[in-house]
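Work through these short exercises with the model open. Try each task before you read its solution.

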Amino acid sequence: DLSLEGVHFERAWLSPEAIGGRALRGAMSDLAAMAAEPVAVLVSLAGSARDHTDGTLAAVGLGVRSAAEECGASVIGGDLTRSTGPLVVDVTVIGRTSNPILRSGAQPGDDLWVTGTLGAAATAVRLHARGLTPDESLRTRFERPEPRLAAARWLAATGFVHALIDLSDGLVGDAGHLAAASGVRLHIEAERVPQDPAAVDLVAAVAGGEDYELLFAADPALRTRVAEFEAACPGLALTRIGRVHPI
């Protein structure tokens, strides 16, 4: 995952350490999207001469390392260079799984589910862009997204999950990716979408990105395991938001 100043973040919104940690967690979400276990991390940083001398790049690197350790992985290498342009953070994560869940396996008759709540990160971005300061809950959801690594592995172990993707581009966009890869049509019931209480509106929940929750298609038999999931992943809800249909 490549994070570019002015595109993926603004320095006014995040500390250097938070910039690194957020980049790492976003990359880790790609492992969650295949139900993989993190192993190692490579990070490359590019910044100005001032970024090298004032501790900015060191702080970004510390943020990457700290977040990697939280996810159970180690930074094993990377690169450092000078840039005449914006700050650049390039994170590569390495994982392993014997049972990868792809986005291409959704079947007609499957239920469509999401983890957690949606829209908080997009709301934080909207407020930042207007020069306003998001409240603490919104800032946390944007600054410290939680890659759903353990949740994805638990779901994969049930054998009921047929297709999986993480929500980095927003529910509507990523649902489209899953539908296209699986060759199916998805019906999402908007009233079931779990909007974060702090999200500004339903549009932020369905169209905003950066939530890094999981969207997946599963056999209806998974409905009997919801209580087990929520016991295994305390504080994280599962919400059934629709169905998979043939084209």
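This is a predicted model.

**Exercise 1. Second largest pocket**

Classify the lining of the second largest pocket by residue type, then find its volume, its central residues and its main contributor.

*Solution.*
- Step 1. Sort the lining by class: seven residues are nonpolar, four are polar and six are charged.
- Step 2. Take the volume, which is about 270 Å³.
- Step 3. Look towards the centre. Of the 17 lining residues, D1, S3, H8, E210 and Y212 are the closest to it.
- Step 4. Assign residues to elements. Both β1 (2-4) and α1 (16-32) give two or more. The largest share comes from α1, with six residues.

**Exercise 2. Largest pocket**

Describe the largest pocket by volume, centre, lining classes and leading element.

*Solution.*
- Step 1. The space in this pocket is about 380 Å³.
- Step 2. It is lined by 20 residues, and E146, P147, R148, L149 and L236 are the closest to its centre.
- Step 3. The lining divides into eleven nonpolar, four polar and five charged residues.
- Step 4. α6 gives the most to this lining, with three residues.

**Exercise 3. The five-stranded sheet**

In what order do the five strands of the open sheet run, and which stand at the edges?

*Solution.*
- Step 1. Read the order: β6-β8-β5-β9-β7, with antiparallel pairing.
- Step 2. Find the edges. β6 (161-166) and β7 (185-188) each have a single partner strand, so one side of each lacks a neighbour in the sheet.
- Step 3. Add the twist, which averages 30° from one strand to the next.
- Step 4. Check one pair. β7 and β9 (residues 238-245) are joined by four bridges. I188 has G242 in β9 as its bridge partner.
- Step 5. Place the helix. α6 (residues 149-158) lies across β6, β8 (214-218) and β9, at about 5° to β8.

**Exercise 4. The partners of β2**

Which strand runs parallel to β2, and which antiparallel?

*Solution.*
- Step 1. β4 (residues 88-96) is antiparallel to β2 (residues 37-47), with nine bridges between them. V41 pairs with V93 of β4.
- Step 2. β3 (residues 74-82) is parallel to β2, with eight bridges. Here A46 stands opposite T81.

**Exercise 5. A helix pair**

How do α4 and α5 pack, and which residues make the contact?

*Solution.*
- Step 1. Helix α4 (residues 120-129) meets helix α5 (residues 136-143) at about 105°, with axes 8 Å apart.
- Step 2. Angles of 65 to 115 degrees count as roughly perpendicular, so α4 is roughly perpendicular to α5.
- Step 3. α4 contributes A120, A121, T123, A124, V125 and L127, and α5 contributes L138, R141 and F142.
- Step 4. By class, this contact has seven nonpolar, one polar and one charged residues.

Technical notes: Residues are numbered from 1 along each chain as its sequence is written. This is a predicted model: local features need pLDDT of at least 70, side-chain atom pairs count only at pLDDT 80 or more; totals for chains, interfaces and linings use all residues. Side-chain values use heavy atoms; hydrogens and water are left out. Two strands pair if DSSP finds at least two bridges between them. Axes are lines fitted to C-alpha atoms, for helices over the stretch in contact, and angles run from 0 to 180 degrees between N-to-C directions. Contact means heavy atoms within 4.5 Å. Angles under 35 degrees count as roughly parallel, over 145 as roughly antiparallel, 65 to 115 as roughly perpendicular and the rest as oblique. Ala, Val, Leu, Ile, Met, Phe, Trp, Tyr, Cys and Pro count as nonpolar, Asp, Glu, Lys and Arg as charged, and the others, Gly among them, as polar. On a 1 Å grid over the protein atoms alone, a cavity is a set of points where a 1.4 Å probe fits but cannot get out, and a pocket is an open set with protein on both sides within 12 Å along at least five of seven lines; lining residues have an atom within 4 Å of a point. Grid points are joined across faces, edges and corners, and a volume is the space filled by probe spheres set on the points.
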